[in-house]
Amino acid sequence: MIPGKDDKVGKADSPKEKYGVFALFDVEHFLRRIFKNWYWFVFMFFIGYIIAWVYSKYYAQNVFSSDISVSTSNNTASFLQPTQASQSINFIWGQTGNQDGIFLKKMLLSRSHNEFLVKELDLFVNYSTKGLIKSTYLDKDDSPVFLQIDKQHLQQVNYPITLLPKGGGAYEVVLPEEGESTYLYSYLGESFQNIAAFSRPANKIIRINEWYNSPNLRFRLIPNPVSPTIKLDNIIINLNTVNESVNEIVSTIGVEFDKEINSIMVISKRGYNLNSTVNFLNKSIAELQKKRLADKNIVNKNTEIYLQGNLDIIRKKLDSSAAVLNYLKTSEKLYNIKDRDEKSLEKIKDLEAKKADLISKISSLNTIKNTLQSQNFDKMIGTNAAGFEDGLFSASVTELKALYTKRAEMALIYKPNSEPMKEVNRLINESRMGASNSLRSYYAKYYDEINKIDRQVADANADLSSYPEKERKYLDAERGYNMIESTYNSLLGRQNETQMRMATNQSDITVIDPAKNLGQHPISPNIKLAKIGIISGMLLLPVLFILIGELLDNKIRNIKELLGATKIPLLGVIGNNSNENMLTVLEQPKSSVSEAFRGIRANMRFLMDNEDKNGKVILVTSSIGGEGKTYISINLASVVGLSDKKTILLGMDLRKPKIFGDFKIDNKYGISNYLTGEVEIDQIINKTRIPNLDVATSGPIPPNPSELLMSQRNIKFIQELKEKYDFIIIDSPPVGLVADSYELMKYSDANIYVVRHEYTEKYMLRMISEKYHNNEISHLGLIYNDYNTKQGYGYGYGYGYGYGYGYGYFDEDKNYKEPLLIRIRNKVQALFNKK
């Protein structure tokens, strides 16, 4: 239903700031444009599919990952390894819990360990091969030959060396056409040096074990002892610096702890070649096992050396004591003392043997104490040499060693009085105090036992006081010999324990599952996801362009947004004119467009006052030229004239005359001539082939069109025509360019504002809408012109016959095929309307 001219509800209830304001984004119109441009999406899908296929086949570098599981149980105390008793070290490492595993993790990721592997295994030499497009990384064992550099010679790094097999163990060395550098790397000094400029080395064929010499390279090829399973057309070798190789390896290693058993570690390695990651992990753990075993044996070796030194000293004392005892036996004949108190003597022998062992342990304690104070941990002996096993003391020494190392590292970064340095020093003092307290407790324990033994020996000596002096002298020598012998035997026993420990010692790293090539799939890139991403990205491009066009598009795109932006009544919707002329009603009277004009003719009665019996003046205008106001004026006048109403069409757009061409009328004389007084009214009125329709053309373009249209002569002209005609249709100038039409609206009975589909700018509607809602203009209605049926249902339903609602019903439209969306809508409606 069309709102009437007296409908005040819309004007009063709508906030003025919304008059002529359109929504920023119309989702429905955006989706329509998406469907309309479906072919672009099909095209971009195929383009994306081709790009994804080429990427996955020729450019994607697969990244593989392998892992190895190891157990890190530590069953023997060592000053060079962490134990569970150490907790305050967490401040330094930032970790808690499994200290032994954390220590191993630090070793696996340390520069020293990986630098050792790089140098030992020549991991700074990288192998690859290149096909037509794609390069493939190789494991060292995949190459039929290995490149061995001369480390005494400066080498150019990051400079691809291509080897082309020539048969018979010969290879052609091909260097890049450009890129030779005088800034070369020394693998001995791990630094760069400059040399004199040189020309590009020529390609050269060399054989196995033959040295290749150039200013920037010196190497030879040695055969792979294992024949590779793949045949290579070329081998590309790149040299890296040691530092680059170490950093690259460390960045690709991952260490995780088992959630249930934290002593089990899973070490993973990522790389472009699966065999390379497998070989690296197995070799890395093997070397780490050797190092850990060597670390564990350092203390035992130090202990053995210490004990052997003491044994040598005691052996000399023992030999000397034995010589004295033998002298007494032979010279003094005291080997057979009568009435010997064997019980007391045996007791004294046992007590003095214990005392000798304690003195030996105290001597070992002194050595441990001195080593601790000198911070020379590499010379530390085992606590078993001092007769005890103390995990807390071992942990304190291990922690202290780590703290000293950490303090040396931090001293390069922090000032001595900084908070981190103070905290490290505090921890060092705590660890040193803890270790000292442990030793102090053993000192006190041993001295207490010695004092107790001394008292017991003194009591036993009292029983021997009755012996003569000579016999007591012999007994003292015998007791001294026994005491030295006991010390020697004690040291010998501890040495045997140490040697047994060294012989049976094993690395605390046990491989549970070694790294293997099980045909693992690459972890990246995710080819499937990459394909989806590439295709999706290509599909998003047209969406993005359409979205940008939608946001930048400032034209009125459909009837729905037009009705949402204004309360001006909509008289009807006119479809696209496919004819060359504008006489649609005359040329195609049975078309849906002609029927739409008849609907507009019927709807105009809602805009006009019925009390006035004189002719009705209908003014047709628009925002700017090109919106179809002349087309609307001609056909509206035609349809009114065909309804047996005497009608005249006035071409009052004096700046741009148009009407005369379609009616084939001479524009020599027109309204401009009449308003200037050159001709009479009868001379400008022209008959048409419609009996009830006359036309007054604009005439020649005058220099002062606005003054002529606003003149009293023009007003009288319109009044005079109202006496002769039932309807006067005025084709007026656009209101967006000149203000002439606003003045003419004062004398019109109905005003029609033409909005053209996807042509009229949104902001242009705001001015006319504000004037209407401010009651500056009355009797105003809209016509939506040039609507495209391909956009689907045009919201014409309820506004006259609308447009897109009658196609197929009229003879001229019998070949019309409704759009797909409309057909789907009609079927859905028919389905729900079934009874």
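The buried residues of helix 13 pack against helix 2 (27–36) and helix 3 (38–59). Contact here means heavy atoms within 4.5 Å. Helices (H or I, at least four residues) and strands (E, at least two) are DSSP runs, numbered from the N terminus. This is a predicted model, in which local features need pLDDT of at least 70 and side-chain atom pairs count only at pLDDT 80 or more, while totals for chains, interfaces and linings use all residues. Residues are numbered from 1 along each chain as its sequence is written, and side-chain values use heavy atoms, with hydrogens and water left out.

Helix 13 covers residues 527–552, 26 in number. From first C-alpha to last it reaches 37 Å, close to the 38 Å expected at 1.5 Å a residue. The expected span is 1.5 Å times one less than the number of residues. Its buried residues are Ala530, Ile535, Met538, Pro542, Ile546 and Glu550. Buried means under 20% relative accessible area, exposed over 50%, partly exposed in between (1.4 Å probe, protein chains only).

Helix 6 (residues 111–121) meets helix 7 (residues 242–251). Their axes come within 9 Å and cross at roughly 120°. Axes are lines fitted to C-alpha atoms, for helices over the stretch in contact, with angles from 0 to 180 degrees between N-to-C directions. Helix 6 contributes Arg111, Asn114, Glu115, Val118 and Lys119 to the contact. From helix 7 come Val242, Asn243, Ser245, Val246, Asn247, Ile249 and Val250.

Salt bridges number 23. Each is a side-chain nitrogen of Lys or Arg within 4 Å of a carboxyl oxygen of Asp or Glu. Three of them are tabulated.

| Salt bridge | Closest N to O |
|---|---|
| Glu115 – Arg111 | 3.1 Å |
| Arg218 – Asp150 | 2.7 Å |
| Lys746 – Glu743 | 3.0 Å |

Glu115 and Arg111 are four residues apart in helix 6, so about one helical turn separates them. Glu115 is buried at 16% relative accessibility. Arg111 is partly exposed at 34%. Salt bridges that share partners join Arg111, Glu115, Lys119 and Glu190 into one network.

The Arg218 and Asp150 side chains also meet in a salt bridge. Arg218 lies in strand 11 (residues 217–223) and Asp150 in the loop between strand 4 (145–149) and strand 5 (161–167), so the pair ties together parts 68 residues apart in sequence. Asp150 is buried, with a relative accessible area of 17%.

In the remaining tabulated pair, Lys746 is exposed at 59% relative accessible area. Glu743 is partly exposed at 31%.
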